[in-house]
Amino acid sequence: MNHQNIANIRDRIQQSSSIVIVTHTNPDGDAIGSSLGFYHYLLSLNPAASVKVIVPNEFPSFLKWMPAAEDIMVYQLNENEIIKYIEKAELCLCLDFNSLKRTDKLFPYLEASKAFKILIDHHPQPENDFDVMISSIESSSTSELIYDVISSISGAGALNQDIASCLYVGIMTDTGSFSYSCRRPETYLAVAELIRHNIDSELIHRKIYDTYSENRMRLLGFCLSERLTVLKDFHTAYIYLTKDDLNHFYHQNGDTEGVVNYALSIEGIVLAVLFTEKEDRIRISMRSKGEFNVNEMARKHFNGGGHKNASGGDSFASMSETLIFFESILPEYQDDITKSVN
Ligand code: 5GP
Ligand code: MN
């Protein structure tokens, strides 16, 4: 980690009286884990500062037990107050995204803000929207990077149980419980240090993964039995969900989290996609195995992006048109997909 950047970040944190931490729309475990983990640390590094964690829209209920989750300000629910905090912020910490546009409805306010903007993130191809960047695509998660930043500024002794719980959630969820993006020893060294701070990693796992509502579990069953298409020739499986499907199962935020991974766990499948109908768009969630790059596919065809093996995007056509279009582009990728079968 670059010493000059670290010294700059430390000085900015200590010298700012008004700080905002922002993360991407549809915040996931790493977005919330890195933001809350850093929030707890900032409160100890600069107790006099006003620090606010701001998210563009609601986050899943399985993250609401996290320490200080109740302090998170959701733009969707509290627009005017949040705009004021962004306008008066001297420092803006941007976590777990690579382009300000990923903050969705917060974007115009963040773009106009005069705050010094620091990016801490692990997505490829960060944009030039920031004053200082800590960007590392080798890291499992932004939470792992926050661990690195905290230890570089203050040493691992600055961690406490709250910080450790939050960062553990981020690393665990962004690696699919240590099944991908976790080949580096550094990830496990960070986790070892977190575990040393008296966190119950088994309980955390249960709180995140074993808290399905009955409706959510039945929705998953419906996805797999009624909405799954397997295209063997293309080593591709996709699931689609209409608004009616979601309403039928009383869909809550976060209920479709993880659904796409079931499609990917079919033997021989390299590309898995979930299409979800939203108010004004079809939301697309993509996963791949091996070298097949869904970030490129999402960027080229669906106005999106993400990581090599996990990306997202949008379509503004109807569901049926989107599915037809998706199937029509697969031949373009057949060779690359086939190379990743093992
Ligand atoms: P998910 O499928 O879980 O929504 O997203 C998977 C990954 O892709 C996440 O790392 C997320 O940050 C990124 N991602 C999702 N949607 C978009 C998008 O519309 N644009 C970009 N640039 N990245 C996205
Ligand atoms: Mn992440």
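Me: Donors are N, O and S atoms within 2.8 Å of the metal (3.2 Å for Na, K and Ca), and sites may look incomplete since water is not among the atoms. What makes Asp-30, Asp-96, His-122 and Asp-174 the protein donors of the manganese ion (ligand 2)?

Reply: The model is predicted, so local features need pLDDT of at least 70 and side-chain atom pairs pLDDT 80 or more, while totals for chains, interfaces and linings use all residues. Residues are numbered from 1 along each chain as its sequence is written, chains are lettered from A and ligands numbered from 1 in the order in which they are written, and side-chain values use heavy atoms, without hydrogens and water. The atoms concerned are OD of Asp-30, Asp-96 and Asp-174, and NE2 of His-122, at 2.2 to 2.4 Å from the ion. These distances fall within 2.8 Å, so the atoms count as donors. Along the chain, their spacing is D-x65-D-x25-H-x51-D.

Me: Why can Asp-30 and His-122 be said to tie parts of the chain together?

Reply: Asp-30 belongs to helix α2 (residues 29-45) and His-122 to the loop between β5 and β6, so the pair links parts that are 92 residues apart in sequence. Helices (H or I, at least four residues) and strands (E, at least two) are DSSP runs, numbered from the N terminus.

Me: Why is Thr-175 called buried?

Reply: Buried means under 20% relative accessible area, exposed over 50%, and partly exposed in between (1.4 Å probe, protein chains only). Thr-175 has 0%, and is therefore buried. Its place is in the loop between α6 (161-174) and α7 (185-196).

Me: Why is Pro-126 called partly exposed?

Reply: Its relative accessibility is 30%, which lies between the two limits, so Pro-126 is partly exposed. Pro-126 lies in the loop between β5 (116-121) and β6 (132-135).

Me: How do you know that Thr-175 makes a polar contact with Met-172?

Reply: A polar contact is a pair of N or O atoms within 3.5 Å; within protein, one must be able to donate a hydrogen and the other to accept it, and residues adjacent in sequence count only if both atoms are side-chain atoms. A polar side-chain atom of Thr-175 is 3.3 Å from the backbone oxygen of Met-172, so the distance meets the limit.

Me: What makes the approach of His-123 to ligand 1 a polar contact?

Reply: An N or O atom in the side chain of His-123 is 2.9 Å from an oxygen atom of ligand 1, so the pair is within the limit. A polar side-chain atom of Arg-287 also lies 2.9 Å from an oxygen atom of ligand 1.
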